[in-house]
Amino acid sequence: MADNGPILVTGAAGQLGAVGRTVCGLLRERGLPVRAMVRREDDRAAALRAVGAEVVVGDLLEPADVYRVVSGCRRVYFGMSVSAGYLEATVTMAVVAREVGVDAVVNMSQMTVSEMSIQNTTSSGQQRQHWLSEQALAWSGLPVVTIRPTMFLESFFQLAALSVRARGRIEVPFGPGKTSPVAAADVARVVAAVLADPGPHLGRVYELTGPRSQDMHGVAREFSDALNREVTYSDIPAEDWERGIRKWGVPEHLTRHLVAMGELHRAGRYDRLADGVERVTGRPAISVREFVSLRADEFGGRRS
Ligand SMILES: NC(=O)c1ccc[n+]([C@@H]2O[C@H](COP(=O)([O-])OP(=O)(O)OC[C@H]3O[C@@H](n4cnc5c(N)ncnc54)[C@H](OP(=O)(O)O)[C@@H]3O)[C@@H](O)[C@H]2O)c1
């Protein structure tokens, strides 16, 4: 293990939550050396170089690539976009991290895993893979810190922005289920704080949510306050939700995951509240209202 080696951040280019990309920026602000792993050279790779990260290109499903990028690093953030090969990538990382020897692996997971067991699973392949990945990392004996966020506010953006812009409605099949989405930027703050000083966190599991758990009418009220116009919640049938997702043409693995998320919301499984963001960073998680205010233009703008 290289005591002064860089901190490896995987999935650093960023798609949905872009936790890895934000973590790179936060670690560089602290003056820490960062190796950012991306899948390809593009503008996002150039932006990472611009903040002072060493950029390496590789595929998390290719063991030789993973060995090359982990070698020389002292700590690892492991996260990548929701995808069918997640378990394989995690186990590959675990094998390599054991071989190289690192002093911390910060593993991105999901909050639903907290309620999963052999007898109690979900229909999301992503959540099942996170559950298995956590087991494998525990067997590995590596110094692991587990991050289990609930749904990202950014997912809300992706799922609700169009209908909020077009019709002033959040159209999701969540029924009366409560939810407490967390900003990916808050998740990244937690990850960066742990990577900067992992010692006190090793072996811990951090559950991360936003500041309040409320039904979708409450969420819609926060949208209304932020945008200064009426936004309502429309509880759509699960079939419409699935049909809409299929129109985006996303991979089947992600489609199944989003469909499962709808079912779990409806069943009240996202009604959780955890203080991990404040406990680790000293600052509370941002609210729906604050998040929407910051991105008002993307939701069709704030009425003056
Ligand atoms: N979204 C949510 O609501 C939510 C909630 C809780 C937990 N999570 C967890 O958060 C993680 C996703 O984090 P995120 O939103 O920050 O990720 P993201 O921004 O969607 O993706 C991160 C990067 O992973 C890269 N990637 C994908 N497959 C790869 C491979 N085989 N090799 C190398 N890189 C690869 C992608 O590269 P390209 O862009 O080049 O393809 C992407 O830029 C998942 O573990 C998910 O389960 C998400």
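**Cores, cavities and loop residues**

Within the largest nonpolar core, which counts 59 residues, the members that touch the most others are V19, L27, V70, I147, V187 and V191. Helix α7 is the element that gives the most to this core, contributing nine residues. Alongside it, the model, which is a predicted one, holds a second, separate core of 31 residues, with L153, V172, W241 and L258 among them. As a general background to such groupings, nonpolar side chains in soluble globular proteins tend to be buried together.

V70 offers a convenient view into the largest core, being one of the residues there that touch the most other members. With neighbours within four places in sequence set aside, the contacts of V70 are L8, R35, V76, M93, V96, V100 and V102.

Attention turns next to the enclosed spaces. Two cavities of 30 Å³ or more are present in the structure. The largest encloses about 40 Å³, and its lining is made up of S180, P181, G210, P211, R212, Q214, E222, I286, S287 and V288. Sorted by class, that lining comprises four nonpolar, four polar and two charged residues. The second largest cavity holds about 30 Å³ of space and is lined by M111, T112, T150, R269, Y270 and R272. Here the classes divide into two nonpolar, two polar and two charged residues.

Several loop residues also deserve a look. H201 sits in the loop that runs between α7 (184–196) and β9 (205–208). Is this histidine, H201, buried or exposed? With a relative accessible area of 12%, H201 counts as buried, because the limit for that class is under 20%. Once neighbours within four places in sequence are left aside, H201 is in contact with V145, V194, Y206 and V280.

Two further loop residues stand out by their backbone angles. A18, in the loop between β1 (7–9) and α1 (19–29), has a phi near 50°, a positive value in a residue other than glycine. N228 is likewise not a glycine, yet its phi is positive at about 55°; N228 lies in the loop between α8 (216–227) and β11 (232–235). What is the relative accessible area of A18, and what is that of N228? For A18 the value is 10%, so this residue is buried. For N228 the value is 37%, so this residue is partly exposed.

Terms used: Residues are numbered from 1 along each chain as its sequence is written. This is a predicted model: local features need pLDDT of at least 70, side-chain atom pairs count only at pLDDT 80 or more; totals for chains, interfaces and linings use all residues. Side-chain values use heavy atoms; hydrogens and water are left out. Helices (H or I, at least four residues) and strands (E, at least two) are DSSP runs, numbered from the N terminus. Buried means under 20% relative accessible area, exposed over 50%, partly exposed in between (1.4 Å probe, protein chains only). Contact means heavy atoms within 4.5 Å. A nonpolar core is a set of buried Ala, Val, Leu, Ile, Met, Phe, Trp, Tyr and Cys residues joined through side-chain atoms within 4.5 Å. On a 1 Å grid over the protein atoms alone, a cavity is a set of points where a 1.4 Å probe fits but cannot get out, and a pocket is an open set with protein on both sides within 12 Å along at least five of seven lines; lining residues have an atom within 4 Å of a point. Grid points are joined across faces, edges and corners, and a volume is the space filled by probe spheres set on the points. Ala, Val, Leu, Ile, Met, Phe, Trp, Tyr, Cys and Pro count as nonpolar, Asp, Glu, Lys and Arg as charged, and the others, Gly among them, as polar.
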